[in-house]
Amino acid sequence: NTLEKARPWHEINGKPVGFYASQHNGSENPAFVRRQHGLLGYLNGATMTMNFCFSTGPYNDGATREPPYKPFTVAYLNGDGLLETLAFAGFREAIDDLRYATLLQRTVRRTEEKGVSAKARRLGRQAAHYLAFLDSEKADLDAVRAEMIEYVVRINAALED
């Protein structure tokens with residue numbers, strides 16, 4: 001269980017836990033990169049994502065110093081700004097997924113405070129259950145994001161009642 005593997009590292013001085021080189025630059029598949037750098041790590045105990053992101057070198061994948069490797073990057077800086085890749089589009093979506101999941105968890109924690117209605121507590125428990133049993137390897141990430149947003153909206157409304 002990856003959560004159990006991450007637990008001791010969280011307990012050592014509260015340092016962030018993440019992964020490195022679990023694909024440096026990713027495939028040209030934004031859905032794969034989104035899952036890899038987003039909810040897959042998050043729901044398995046990672047508290048950070050760490051990877052090469054930008055390169056100032058050539059943006060020709062064949063112009064590497066050590067073939068057959070592509071440059072270890074998902075976006076390139078050039079004179080006109082940022083040259084994005086399909087992998088970078090997935091990485092941006094992954095970060096947004098992390099932000100929604102974090103917002104949902106913070107919202108759930110508010111339902112555990114004193115004086116909160118039974119409805120808000122019930123919704124908080126349902127949302128916590130949803131995240132706890134989410135299959136991060138197979139779930140439709142767009143549907144997951146929509147569900148997280150729905151829970152946040154419903155819980156906040158219940159907290160205001």
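This short talk goes through a hairpin, a helix and a helix pair in one structure.

Please keep in mind that this is a predicted model, in which local features need pLDDT of at least 70 and side-chain atom pairs count only at pLDDT 80 or more, while totals for chains, interfaces and linings use all residues. Residues are numbered from 1 along each chain as its sequence is written, and side-chain values use heavy atoms, with hydrogens and water left out.

Let me begin with the strands; helices (H or I, at least four residues) and strands (E, at least two) are DSSP runs, numbered from the N terminus. Strand β2, residues 75–78, runs antiparallel to strand β3, residues 81–84, and four bridges join them, where pairing asks that DSSP find at least two bridges. The two strands form a hairpin with two residues between them, and Tyr 76 of β2 stands opposite Leu 83 in β3.

Turning to helix α2, residues 30–37, we find that Val 33, Arg 34, Arg 35, Gln 36 and His 37 are buried, meaning under 20% relative accessible area with a 1.4 Å probe, protein chains only. The buried residues of α2 pack against α3 (39–42), α4 (86–110) and α6 (141–160), contact being heavy atoms within 4.5 Å.

Finally, α4 and helix α5, residues 118–132, pack at an angle of about 145 degrees, with their axes 9 Å apart; the axes are lines fitted to C-alpha atoms over the stretch in contact, and angles run from 0 to 180 degrees between N-to-C directions. Ala 101, Leu 104, Gln 105 and Val 108 of α4 make this contact with Gly 124, Ala 127, Ala 128 and Leu 131 of α5.

Definitions and conventions
Buried means under 20% relative accessible area, exposed over 50%, partly exposed in between (1.4 Å probe, protein chains only).
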